[in-house]
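Trainee: I've got the sequence and the model open side by side. Could we go through it in questions and answers?

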Amino acid sequence: VVLVGAMRPATAFSADGIMNMINAIYVAISEHSINKGVLVVMNDRIYAAREVSKTHTTGLDAFTSLELGSLGNVNGEGVNFYQQSLRKHTLESCFSKIDLKNSFPIVDVVYCVAGMSYRTIELLIKNGSQGIVIAGFGNGNINSKFKEKLKNAVKTGTVIVMSSRVASGEIVAGQAAKETGIICAGNLNPQKARILLILALATNKNLNEIQEIFATH
């Protein structure tokens with residue numbers, strides 16, 4: 001699967017859509033793309049879908065992998081790979097046989113800000129959230145007043161995943177988080193951590209298994 005898009009409409013000067021589409025087709029039919037997982041092709045670059053993010057609102061180079069870089073590039077008709085993801089994906093993942101006809105668990109994202117209230121998290125849990133991803137400060141840090149409440153949320157069955165508002169880097173799980181069952185998102189941003197948590201909960205995994213999924217997928 002190759003995802004592709006455009007930053008400029010077809011009516012704009014120097015529209016990029018047609019070239020992106022052509023490059024994506026070259027990547028899709030290339031034998032070098034086999035077993036590389038889901039790919040994103042934009043602005044002559046090839047990215048792993050897991051790693052890539054949009055980092056600019058309008059620029060042609062809006063998509064990038066800040067921490068790990070691109071997998072390769074498209075040069076004319078040439079498709080060049082220089083690295084690949086070692087994380088489990090596609091048929092190797094534990095989600096390859098999920099029944100897509102079933103409804104998926106409700107998972108929400110809470111973005112941390114200065115002086116925020118815990119009310120949002122309480123309302124989400126009350127309204128059926130089975131999992132919540134916290135977009136914390138820096139290394140997944142949160143207001144100290146929230147820590148005990150998040151512990152209680154885990155005890156009552158809500159899965160909590162700690163991610164970060166920061167664009168790059170990896171969350172390092174502290175001992176306190178491990179002891180309370182809070183899941184570490186690793187280098188996944190909150191949006192992607194939410195998708196992975198939805199899939200993990202859909203397979204009825206326990207907390208240790210969910211943490212292993214985040215460590216290997």
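Trainee: In β7, which residue is the bridge partner of G72?
Mentor: Begin with the two strands: β6 (residues 72–75) and β7 run antiparallel over four bridges. Strands are DSSP runs of E with at least two residues, helices are runs of H or I with at least four, and both are numbered from the N terminus; two strands pair if DSSP finds at least two bridges between them. Now look across from G72 into β7, and the bridge partner is F81.

Trainee: What pLDDT do local features need?
Mentor: Residues are numbered from 1 along each chain as its sequence is written, and side-chain values use heavy atoms, with hydrogens and water left out. This is a predicted model, where totals for chains, interfaces and linings use all residues, side-chain atom pairs count only at pLDDT 80 or more, and local features need pLDDT of at least 70.

Trainee: Which residue in the turn between β6 and β7 has a positive phi?
Mentor: β6 and β7 make a hairpin with two residues between them. One residue in that turn has a positive phi of about 65 degrees, and that's G76.

Trainee: Which residues form the covered face of β7?
Mentor: For cover, use relative accessible area with a 1.4 Å probe and protein chains only: buried is under 20%, exposed is over 50%, and partly exposed lies in between. The uncovered face of β7 has G78 and N80. That leaves the covered face, with V79 and F81.

Trainee: Which are the edge strands of the five-strand sheet?
Mentor: That sheet is open, its pairing is mixed, and its order is β1-β2-β3-β6-β7. An edge strand here pairs on one side only, which fits β1 (2–4) and β7 (78–81).

Trainee: By how many degrees are neighbouring strands of this sheet turned against each other on average?
Mentor: Axes are lines fitted to C-alpha atoms, for helices over the stretch in contact, and angles run from 0 to 180 degrees between N-to-C directions. With direction ignored, the average turn between neighbouring strands of this sheet is 25 degrees.

Trainee: In β3, what is the bridge partner of M42?
Mentor: Strand β2 (residues 39–42) and strand β3 (residues 45–48) pair in the antiparallel sense over four bridges. L39 has A48 as its bridge partner in β3. For M42, the partner in β3 is R45.

Trainee: Which turn residue of the β2 and β3 hairpin has a positive phi?
Mentor: There are two residues between β2 and β3 in this hairpin. The positive phi, about 55 degrees, belongs to N43.

Trainee: In β6, what is the bridge partner of I46?
Mentor: β3 also pairs with β6, antiparallel, over two bridges. Follow I46 across to β6 and you reach G72.

Trainee: Phi of S14 is near what value?
Mentor: Most residues other than glycine have a negative phi, and most peptide bonds are trans. S14 sits in the loop between β1 and α1 (17–29) and is exposed, with a relative accessible area of 57%. Its phi is positive although the residue isn't glycine: near 55 degrees.

Trainee: And N35, is it buried or exposed?
Mentor: N35 lies in the loop between α1 and β2, and its phi is positive as well, near 65 degrees. With a relative accessibility of 61%, N35 counts as exposed.

Trainee: In the four-strand sheet, which strands stand at the edges?
Mentor: This open sheet has parallel pairing and the order β8-β9-β10-β11. An edge strand has a single partner, so one side is left without a neighbour in the sheet; here that goes for β8 (107–111) and β11 (183–184).

Trainee: In β10, what is the bridge partner of A135?
Mentor: Strand β9 (residues 131–136) runs parallel to strand β10 (residues 159–164), and six bridges join them. From A135, the bridge leads to S163.

Trainee: How far apart in space are S144 and N127?
Mentor: S144 belongs to helix α3 (residues 144–155) and is exposed, at 56% relative accessible area. In sequence, S144 and N127 are 17 residues apart; C-alpha to C-alpha, the distance is 24 Å.

Trainee: What share of the 217 residues in the protein chain is buried?
Mentor: The protein chain has six helices and eleven strands, and its C-alpha trace spans about 55 × 40 × 30 Å along the principal axes. Of its 217 residues, the buried share is 40%.
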